[in-house]
Amino acid sequence: MSANELVFTNVTADRAEEIANLEQMALPNVAGHDKLTPEGVILQTQLFPEGGFMALDGDKVVGIAMGIFVDYDISEPQHDLDEVSGEEGFGNHDPDGEWYYGIDIAVHPDYRGRGIARRLYDLRKQLVIDHNRKGFIAGGVLPGYADHKDHMTAQEYVDAVAAGELFDPTLSVQLRNGFEVIGVIADYVEDPTTDSWASFIVWHNPQYDPEKA
Ligand SMILES: CC(C)(COP(=O)(O)OP(=O)(O)OC[C@H]1O[C@@H](n2cnc3c(N)ncnc32)[C@H](O)[C@@H]1OP(=O)(O)O)[C@@H](O)C(=O)NCCC(=O)NCCS
């Protein structure tokens with residue numbers, strides 16, 4: 001089964017529980033309070049239904065990706081997820097915000113490596129293009145850092161991943177999808193295996209027209 005055989009569509013409130021459960025399963029090392037809740041999914045569908053996507057295999061949700069529009073100064077990578085995202089991870093959606101801020105992406109472990117994340121990133125990039133926003137930003141977990149944190153700083157680790165010297169199950173996928181790393185974030189989401197370090201990544205919209213913004 002490839003991503004082409006799945007249906008990609010916007011998230012709907014009736015799937016809120018299933019979507020939250022998928023993320024809980026996909027990020028086993030991240031603390032529960034930093035993960036998507038059914039209430040968060042419902043808020044996405046109420047505030048910004050175009051901003052959240054899911055991949056369906058028949059009736060089963062096998063991938064999700066969510067986000068909101070915000071204003072953000074990307075020269076300052078360090079930030080707190082809750083402060084930027086707001087209530088239940090979505091409350092700060094600003095329809096006029098300059099950036100799409102990626103809140104979550106998760107693919108069911110049995111469905112990885114088939115291009116589902118690529119399709120979910122492409123759908124969100126198209127949203128950014130269609131709305132003429134500056135680009136797509138996100139904090140990214142660094143699951144592979146767990147095996148290197150005793151001999152490398154998080155910055156050294158992301159530099160090595162960006163240089164192709166190390167593979168990170170999340171950051172390497174993001175880099176292959178056209179993102180660049182512009183910093184590291186301390187205490188982004190609670191994950192004892194990586195001492196809670198994250199990357200700060202950006203994709204610039206090549207079609208952004210400031211005159212029309
Ligand atoms: C990160 C995640 C969403 C990726 O989903 P996915 O559907 O498996 O990703 P895709 O199949 O679209 O892409 C995998 C890419 O990594 C590449 N890849 C896989 N293993 C690789 C390896 N060992 N070395 C180099 N590249 C590799 C694949 O070739 C593919 O690249 P391509 O599209 O250029 O061919 C998924 O692993 C996941 O849910 N992880 C847990 C949740 C998570 O970390 N979310 C991010 C929160 S910030």
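Let's start at one residue and work outwards: Val173 has 19 C-beta neighbours inside 10 Å, so it counts as partly exposed. A residue needs 20 or more such neighbours to be called buried. Keep in mind as you look around that this is a predicted model. Val173 is found in helix α6. Now find Gly115, which is 58 residues from Val173 along the chain, and check the space between them: their C-alpha atoms are separated by 9.9 Å.

That brings us to the ligand. Which residues come nearest to it? Of the 20 residues around the ligand, the nearest are Arg112, Ile116, Ala117, Arg118 and Thr170. Four elements each give two or more residues to this shell: β4 (99-107), α4 (116-130), β5 (135-141) and α6 (171-176). So what kinds of residue make up the shell, sorted by class? There are 11 nonpolar, 5 polar and 4 charged residues.

Let's take helix α4 next. It has 15 residues, and at 1.5 Å a residue they should span 21 Å; the C-alpha atoms at its ends are 21 Å apart, so the expectation and the model agree. Now look at which parts of α4 are covered. Ile116, Ala117, Leu120, Tyr121, Arg124 and Val128 are buried. Why do we say that these buried residues line one face of the helix? Because, if you look down the axis of α4, they fall within an arc of 135°. Here's a handy rule to go with that: an α-helix has 3.6 residues a turn, so residues three or four places apart point the same way. Turn to the face of α4 that points away from the buried side, and you'll meet the exposed residues Gln126 and Asp130.

Helix α4 also sits on a path between two strands. The strands β4 and β5 pair in the parallel sense over 4 bridges. The chain gets from β4 to β5 by way of α4, and this β-α-β crossover is right-handed. To see the pairing up close, find Gly102, which stands opposite Ala138 in β5.

Stay with β5 for a moment. Is it mostly covered or mostly open? Mostly covered: 6 of its 7 residues are buried. Besides β4, strand β5 has another partner, β7 (residues 198-204), and here the strands run antiparallel, joined by 7 bridges. Val141 is a good place to look, as it stands opposite Ala198 in β7.

Just before β7 there's a backbone detail to spot. Ser196 lies in the loop between β6 (180-185) and β7. Its phi is near 65°, a positive value in a residue other than glycine. Why is that worth a look? Most residues other than glycine have a negative phi. As for its surroundings, Ser196 has 19 C-beta neighbours inside 10 Å, so it counts as partly exposed. Glu88 is another case: it isn't a glycine, yet it has a positive phi of about 55°. You'll find Glu88 in the loop between α3 (81-85) and β4. With 17 C-beta neighbours inside 10 Å, Glu88 counts as partly exposed too.

Now go back towards the start of the chain for some more strands. Strand β1 (residues 7-10) and strand β2 (residues 53-57) run antiparallel and are joined by 4 bridges. One pair to look for is Phe8 and its bridge partner in β2, Ala55. Strand β2 is also joined by 5 bridges to β3 (residues 60-70), again antiparallel. Here Asp57 stands opposite Lys60 in β3. The β2 and β3 hairpin has 2 residues between the strands, and in this hairpin Gly58 takes a positive phi near 65°.

Follow the chain on from β3 and you reach Tyr72, in the loop between β3 and α3. With 16 other C-beta atoms within 10 Å, Tyr72 is partly exposed. Tyr72 and Tyr100 are 28 residues apart in sequence, and in space their C-alpha atoms are 9.6 Å apart.

The last stop is Glu18, in helix α1 (residues 16-26). Glu18 has 15 other C-beta atoms within 10 Å, so it is partly exposed. Its C-alpha atom is separated by 8.1 Å from that of Pro38, 20 residues apart along the chain.

Methods: Residues numbered from 1 in each chain as written. Predicted model: local features only at pLDDT ≥ 70, side-chain atom pairs only at ≥ 80, totals over all residues. Near = placed C-beta within 6 Å. Nonpolar A, V, L, I, M, F, W, Y, C, P; charged D, E, K, R; others polar. Buried ≥ 20, exposed ≤ 12 C-beta atoms within 10 Å, placed from the backbone. Pairing = 2+ DSSP bridges. Right-handed = clockwise from strand over helix to strand, strands pointing away. Expected span 1.5 Å × (residues − 1). Arc of directions from axis to C-beta.
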